[in-house]
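Let's walk through this model together, one contact surface at a time. Keep the sequence and the 3D view open beside you as you read.

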Number of protein chains: 2
Amino acid sequence: MGRHREFDVDKALDAALSVFWKNGYEGTSFEDLTRATGVARPGLYSAFGNKETLFFKAIDRYDTKHLTYLREALAEPDVHSAVRRFFEGSITVQTLNGEGRGCAVLNGALACSTETEPIRQELIARQKLTEDAWRVRLERGLQEGELPPSTNCAMLAGYLMAVNHGLGVQAKAGASKASLAAIVEHVLATLPPAPTKKRDAHQAPLPSHRRPSRRDAK
Amino acid sequence: MGRHREFDVDKALDAALSVFWKNGYEGTSFEDLTRATGVARPGLYSAFGNKETLFFKAIDRYDTKHLTYLREALAEPDVHSAVRRFFEGSITVQTLNGEGRGCAVLNGALACSTETEPIRQELIARQKLTEDAWRVRLERGLQEGELPPSTNCAMLAGYLMAVNHGLGVQAKAGASKASLAAIVEHVLATLPPAPTKKRDAHQAPLPSHRRPSRRDAK
DNA sequence: AGCTTTTTATAATGATTGGTACTGAAAGAG
DNA sequence: CTCTTTCAGTACCAATCATTATAAAAAGCT
């Protein structure tokens with residue numbers, strides 16, 4: 001009873017996400033949003049509240065639609081596979097061209113006006129959740145013997161996130177997926193190696209030449 | 001012959017830099033600038049042109065005042081020292097609290113409205129110059145035998161920049177200098193090693209246990 | 001002293017911004 | 001059919017934005 005909504009709320013949300021992803025929060029005007037969604041101002045307000053609530057609904061949408069790789073990565077059976085899955089998913093999402101480039105969260109989390117600072121802080125908090133999840137996963141890997149005993153899991157989680165942020169910056173600047181993938185390979189190749197169980201240093205396969213004592217000395 | 005300017009142009013520029021560094025270009029209003037500089041609108045226009053020209057004068061100021069470490073790093077005698085100097089300088093500048101956090105260039109280079117896109121592209125171009133300088137420096141290091149023959153200098157330059165961008169993001173989000181320094185140590189420890197000249201693997205100092213053949217096999 | 005030049009400070013300007021008011025249209029119930 | 005509810009579309013609103021206009025003040029010259 002009453003007129004039915006003509007536009008598809010989910011489609012409008014996807015369109016809004018795409019604009020926010022590209023321009024960030026402050027760089028996106030309400031006019032941009034009405035143009036991209038094809039919905040007039042009151043329609044968007046009626047469906048989503050206001051610009052800020054729409055923004056966070058879009059970010060949530062980004063999370064559920066595009067960040068599944070993170071949960072998949074954290075569920076991988078070993079640390080190396082987890083990190084690989086993470087970065088592969090990351091560079092795939094961050095080099096999408098039709099929908100967005102870089103990371104929608106990062107694109108709003110760097111600098112803004114004083115009035116928008118609370119929004120930025122919320123985005124930073126989301127990044128922090130991801131870093132914490134990595135630290136927990138790495139600590140589990142450490143306990144399971146996948147990482148050298150001296151591994152600083154907080155540092156390594158911070159490192160992984162720093163690299164990911166940097167890849168996001170480069171993706172937003174136009175870097176190709178292939179060039180980002182090469183960086184990912186380097187990162188994977190330089191992850192702390194699993195400690196060896198035995199000391200047959202001269203007969204073990206090549207990776208066994210990586211001795212934990214070298215890192216302990218640091 | 002005429003009234004003398006009462007404000008110090010350099011001090012005003014420093015104040016403007018600080019605001020742009022914190023809020024980015026679009027997040028900084030002209031009101032923010034007049035407040036921070038203590039100079040009225042016409043005075044700022046008279047001295048600097050308009051908001052955009054002031055922004056780039058501020059970025060140039062950032063370059064000359066704070067990015068000397070980059071030139072110093074590129075002038076270091078060996079690659080390892082160069083990279084170390086680079087990151088040490090970077091995390092020092094990016095964790096300054098009074099003046100700014102993160103990187104003033106990066107803070108404006110991620111996302112913005114359509115009208116501001118040319119400004120963003122200019123900032124991206126500056127980042128690209130730095131990455132190119134690193135690639136050239138690494139290629140020189142490769143020729144001088146400091147890096148394994150298989151080293152992909154473009155990839156490594158991209159990697160260094162990605163890490164640096166990521167450190168900037170984390171610094172802007174409030175990370176401490178010490179936590180960034182730990183990440184830097186990890187990066188330095190995982191740089192491609194100089195190839196050994198001889199094969200006295202059992203008597204050389206510890207770093208010599210890093211064999212180029214391991215990277216070649218990758 | 002008056003005159004000219006340049007800066008300071010306040011006010012004004014037109015455009016843009018996020019949000020709301022209002023009217024007509026659509027949908028369903030009785 | 002009328003009535004009620006809800007949406008669509010246009011117009012409107014107050015605040016903000018970068019920039020300019022204007023009048024007064026300061027500085028130096030004659």
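Which element gives the most to the surface near DNA strand C? That element is α3(A), with 3 residues. Helices such as this one are DSSP runs of H or I with at least four residues, strands are runs of E with at least two, and both are numbered from the N terminus. A residue is near a molecule or strand if one of its heavy atoms lies within 4 Å of it.

Before going further, some ground rules. This is a predicted model, in which local features need pLDDT of at least 70 and side-chain atom pairs count only at pLDDT 80 or more, while totals for chains, interfaces and linings use all residues. Residues are numbered from 1 along each chain as its sequence is written, chains are lettered from A and ligands numbered from 1 in the order in which they are written, and side-chain values use heavy atoms, with hydrogens and water left out.

Back to DNA strand C. Of the 21 residues around this strand, the ones that come nearest are Phe30(A), Lys51(A), Gly2(B), Arg3(B) and Glu6(B). On the DNA side, sugar and phosphate account for 62% of the atoms of strand C that come within 4 Å of the protein. By class, the surface has 8 nonpolar, 7 polar and 6 charged residues; here Ala, Val, Leu, Ile, Met, Phe, Trp, Tyr, Cys and Pro count as nonpolar, Asp, Glu, Lys and Arg as charged, and the others, Gly among them, as polar.

Now zoom in on single atoms. A polar side-chain atom of Tyr45(A) lies 3.2 Å from a phosphate oxygen of DNA strand C. His4(A) has a polar side-chain atom 3.3 Å from a sugar or linking oxygen of strand C, and for Arg3(B) the distance to a sugar or linking oxygen of that strand is 3.1 Å.

Arg3(B) also leads us to DNA strand D, where a polar atom of its side chain lies 3.3 Å from a sugar or linking oxygen. In the side chain of His4(B), an N or O atom is 3.3 Å from a sugar or linking oxygen of strand D. Gly2(B) uses a backbone N or O atom, 3.5 Å from a sugar or linking oxygen of strand D. Around this strand there are 22 residues, and Gly2(A), Glu6(A), Phe30(B), Arg41(B) and Lys51(B) come nearest. α3(B) gives the most to this surface, with 3 residues.

How do the two protein chains meet? The contact (heavy atoms within 4.5 Å) takes 44 residues from chain A and 44 residues from chain B. Across this interface the rule finds 0 salt bridges, a salt bridge being a side-chain nitrogen of Lys or Arg within 4 Å of a carboxyl oxygen of Asp or Glu. On the side of chain A that touches chain B, the elements giving two or more residues include α1 (9-23), α7 (117-143) and α8 (153-172). Of these, α8(A) gives the most, with 13 residues. That side of chain A divides into 20 nonpolar, 14 polar and 10 charged residues.

Methods:
A polar contact is a pair of N or O atoms within 3.5 Å; within protein, one must be able to donate a hydrogen and the other to accept it, and residues adjacent in sequence count only if both atoms are side-chain atoms.
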